[in-house]
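The exercises below are meant to be worked through with the sequence and the model side by side. Try each task before reading its solution.

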Amino acid sequence: MAARKPIDPSEVRAVLISVAPWLRDQNEREPTRTDLAAAVRQTARTLAQVAPGNSVEVRVPPFVAVQCIEGPRHTRGTPPNVVETDARTWLRLVVGFDDMADQIEAGAITASGSRATEVARWLPLFPI
């Protein structure tokens with residue numbers, strides 16, 4: 001598989017700014033699926049770049065799943081360390097509107113495995 005092109009932070013910021021009104025207030029018009037997908041994919045891939053590794057899988061269905069954080073490599077079956085959430089919750093974490101521990105407690109994020117919560121160390125990725 002060919003290596004992915006590095007994520008351009010200015011492109012990520014631009015797409016995050018375009019979805020920011022909805023992130024601040026869910027009563028605002030929901031972003032287009034294209035914009036939402038771009039924001040989720042680019043931010044998750046940014047996490048994979050800044051925290052490279054294969055010990056934790058971050059899933060934001062239906063848009064993306066990335067592996068990150070150094071440690072034991074996962075290759076088959078269900079990974080032992082998984083973080084899963086919806087697109088809005090993920091993006092609110094990325095921009096610093098929410099705290100990962102609070103969202104896990106609220107049930108908006110599932111985090112399984114002893115290393116899953118280590119993702120919080122890299123959040124927010126793009127404070128706005």
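**Exercise 1. Locate Asp-86 and describe its surroundings.**

Solution. Begin with the position along the chain: Asp-86 lies in the loop between β3 (82-85) and α3, where helices (H or I, at least four residues) and strands (E, at least two) are DSSP runs numbered from the N terminus. Residues are numbered from 1 along each chain as its sequence is written. The model is a predicted one, in which local features need pLDDT of at least 70 and side-chain atom pairs count only at pLDDT 80 or more, while totals for chains, interfaces and linings use all residues, and side-chain values use heavy atoms, with hydrogens and water left out.

Next, take the accessibility: Asp-86 has a relative accessible area of 35% and is therefore partly exposed, given that buried means under 20%, exposed over 50% and partly exposed in between (1.4 Å probe, protein chains only). Then look for partners: when residues up to four places away in sequence are not counted, Asp-86 touches Val-60 and Ala-108, contact being heavy atoms within 4.5 Å. Finally, compare sequence with space: Ile-7 is 79 residues from Asp-86 in sequence, and their C-alpha atoms are 21 Å apart.

**Exercise 2. Check the span of helix α2 and find what its buried residues pack against.**

Solution. Helix α2 covers residues 33-50, which is 18 residues. The expected span is 1.5 Å times one less than the number of residues, so α2 should span 26 Å, and its end C-alpha atoms, 26 Å apart, agree with this. Turning to burial, the buried residues of α2 are Leu-36, Ala-37, Ala-39, Val-40, Thr-43, Ala-44, Thr-46 and Leu-47. These pack against α1 (9-24), β1 (56-60), β2 (64-68) and α3 (87-95).

**Exercise 3. Describe how α1 and α2 pack.**

Solution. The axes of α1 and α2 come within 9 Å and cross at roughly 130°; axes are lines fitted to C-alpha atoms, for helices over the stretch in contact, and angles run from 0 to 180 degrees between N-to-C directions. The two helices are therefore oblique to each other, because angles under 35 degrees count as roughly parallel, over 145 as roughly antiparallel, 65 to 115 as roughly perpendicular and the rest as oblique. On the α1 side the contact is made by Glu-11, Val-12, Val-15, Leu-16, Ser-18, Val-19 and Trp-22, and on the α2 side by Asp-35, Leu-36, Ala-38, Ala-39, Gln-42, Thr-43 and Thr-46.

**Exercise 4. Which angle do α1 and α3 make, and which angle do α2 and α3 make?**

Solution. The axes of α1 and α3 come within 10 Å and cross at roughly 110°, so these helices are roughly perpendicular to each other. Their contact involves Leu-16, Val-19, Trp-22, Leu-23 and Arg-24 of α1 with Arg-88, Leu-91, Arg-92, Val-94 and Val-95 of α3. For the other pair, α2 and α3 pack at an angle of about 50° with their axes 10 Å apart, which makes α2 oblique to α3. Here Leu-36, Ala-39, Val-40, Thr-43, Ala-44 and Leu-47 in α2 meet Ala-87, Trp-90, Leu-91 and Val-94 in α3.

**Exercise 5. Is Leu-123 buried or exposed?**

Solution. Leu-123 is found in the segment after β4 (109-112). With a relative accessible area of 16%, Leu-123 is buried. Leaving aside neighbours within four places in sequence, Leu-123 is in contact with Trp-90, Leu-93, Val-94 and Met-100.
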